[in-house]
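Trainee: I keep running into labels and I'd like to know where they come from. Can we go through a few together?
Mentor: Sure, let's put the structure up and start.

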Amino acid sequence: MTSPVSPTTSWAALPVLLAGAFMVVLDFFIVNVALPSIATDLGAGESSLEWVVAGYGLTFAAFLITSGRLGDGLGRRRVYAVGLALFTAASAACGLAPSPTTLVIARIAQGVAGAVVMPQVLAIIGVTYRGNDYVRAVSIYGVVLGLAAVSGQLIGGALVETDVAGLGWRSCFLINVPLGLAALAVTGRLVPESRAEQGTRLDAAGATLLAAGLAAILLPLIEGRQLGWPLWTWASLALSPVLLGAFLARQRRQSHPSLDLTLFRERAFSAGLATQLFLACAQASFFVYLALYLQLGRGLGPLEAGLVFTIIAVAYVAASGPAPQLAQRYGRTVVAIGGASLALGLALLALAVSEVGTGGSVLALAPGLALAGAGIGLCFTPLTATVLANVDPARAGSASGALSTTQQIGFALGVAVTGVIYFGAAGDGIGHAFEVSLIQLAIVAAGIVVASRLLPAPERVTGQVEYAAT
């Protein structure tokens, strides 16, 4: 059931919704250039820094699908407002954290709150806009989320460098407080309320199984190297498929599962999830360890490091603008070209780093950075549109939730896996560690090209996608 709204009101709602989505995505990436400052100020070790990034992605991924059910049953605007309030409060807790442990806990809470916010944004967009308006709204949504990802480092660098009120890295989190409160103040007036016509049930047990399965993977990957890979790390990794299998079995038994497993019978959907996983793993890890290389290796300040990221951001914007139209015409080929560009850019960066190490002009990195940014721009929005265009509209909500969950799993998993390689090689120098990491990430990005070939052929990617919030 959807409340009738005027065109003026519905378009006024979009900036409010995008403000919440922007903050949620931004906060995965904004901390990247702040990590060295956090390490210095709080005495955080390598594993704590990884948990600051990956812990957010872990809880986000684990609770994203289940949180979509909250809005369906209780009202999407209401749940969006609650999630936004929780996210604002968790951001304040991050900004005021006195120790690495409290910061990690606050980041985990922030991830849960982000998981509550994001499904409501997509669902409200889906029930508010139709036809060309829906396509336009989703395109704007994709561009805004992409900008949040690629501009996070610049925003974070500027906040840390300017050191407003002596807050330093804390301002990266505290900036969400006034933004969140402003969005909350107008949510009730500008965002229409809606809910599913039929009642829904939350699957708390399923969410717990998914969270436990992901934690069983991330915990040993993040902690294992420093501890010498004790027996429990291998036992945890062995337990993870059992827990994830139990989650899937539970979904299969339920009449109205949080994750519609019948979607996986469609090759286009399965290939889309695989492509999304490769993209997320490569993108998140690249941003985190590039920030560490620039600051710890090359000695750049947070703002200088953030400015280097503008090369990626400019290339992203230039490529993402025409990408949706190109995808409508060429389909999976656009995603494949984007993956190839990202892989080539990372490979060029590895060559450049092997030549200049932690010295020389930063301009030597520019060609690789630009290619990588353009590749991400060509993949980001077209991938979602290409997959959802071939999904039954009645199941588009479940499909988009699965794509978003896969993205967050990729973010967290990518940071953890590349962290094993980066910190393991750091004994031979930061430059060498980053070079080896780039080679690994180029291989991951090549997976985008391979997986995307299983997506629908261009002639099948036609028409408009309708989102059904059910």
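Trainee: Why is aspartate 41 called partly exposed?
Mentor: This is a predicted model, by the way. Aspartate 41 has a relative accessibility of 44%. Buried means under 20% and exposed means over 50%, so aspartate 41, at 44%, counts as partly exposed.

Trainee: What makes arginine 170 and aspartate 41 a salt bridge?
Mentor: Their side chains meet at 3.6 Å, N to O. The cut-off is within 4 Å, so the pair qualifies. Arginine 170 lies in the loop between helix 6 and helix 7, while aspartate 41 is in helix 2, and the two are 129 residues apart.

Trainee: And arginine 170, is that buried or exposed?
Mentor: Buried: its relative accessibility is 17%, and the limit is under 20%.

Trainee: How many salt bridges turn up in the whole structure?
Mentor: A search finds 2. The other pair to look at is arginine 225 with glutamate 46, at 2.2 Å, N to O. Within 4 Å is what's needed, so this pair gets the name as well. Arginine 225 belongs to helix 9 and glutamate 46 to helix 3, 179 residues apart.

Trainee: How do you know whether arginine 225 and glutamate 46 are buried or exposed?
Mentor: Arginine 225 has a relative accessible area of 26%, and glutamate 46 is at 27%. Partly exposed is what lies between 20% and 50%, so both get that label.

Trainee: On to the helices. Why are helix 11 and helix 14 called roughly parallel?
Mentor: Their axes cross at roughly 25 degrees and come within 12 Å. Angles under 35 degrees count as roughly parallel, so these two helices fit. The crossing is left-handed.

Trainee: Which residues make the contact?
Mentor: On helix 11, they include Leu279, Ala282 and Phe286. On helix 14, Leu342, Leu346 and Leu349 are among them. The residues of this contact divide into 10 nonpolar, 1 polar and no charged.

Trainee: What makes glutamine 283 buried?
Mentor: Glutamine 283 sits in helix 11. Its relative accessible area is 2%, and buried means under 20%, so the label follows.

Trainee: What is glutamine 283 in contact with?
Mentor: Leaving aside neighbours within four places in sequence, glutamine 283 touches Phe29, Ala149, Ile376, Phe380 and Phe411.

Definitions and conventions. Residues are numbered from 1 along each chain as its sequence is written. This is a predicted model: local features need pLDDT of at least 70, side-chain atom pairs count only at pLDDT 80 or more; totals for chains, interfaces and linings use all residues. Side-chain values use heavy atoms; hydrogens and water are left out. Axes are lines fitted to C-alpha atoms, for helices over the stretch in contact, and angles run from 0 to 180 degrees between N-to-C directions. Helices (H or I, at least four residues) and strands (E, at least two) are DSSP runs, numbered from the N terminus. Angles under 35 degrees count as roughly parallel, over 145 as roughly antiparallel, 65 to 115 as roughly perpendicular and the rest as oblique. A crossing is left-handed if the near helix is turned anticlockwise from the far one by less than a right angle, and right-handed if clockwise. Contact means heavy atoms within 4.5 Å. Ala, Val, Leu, Ile, Met, Phe, Trp, Tyr, Cys and Pro count as nonpolar, Asp, Glu, Lys and Arg as charged, and the others, Gly among them, as polar. Buried means under 20% relative accessible area, exposed over 50%, partly exposed in between (1.4 Å probe, protein chains only).
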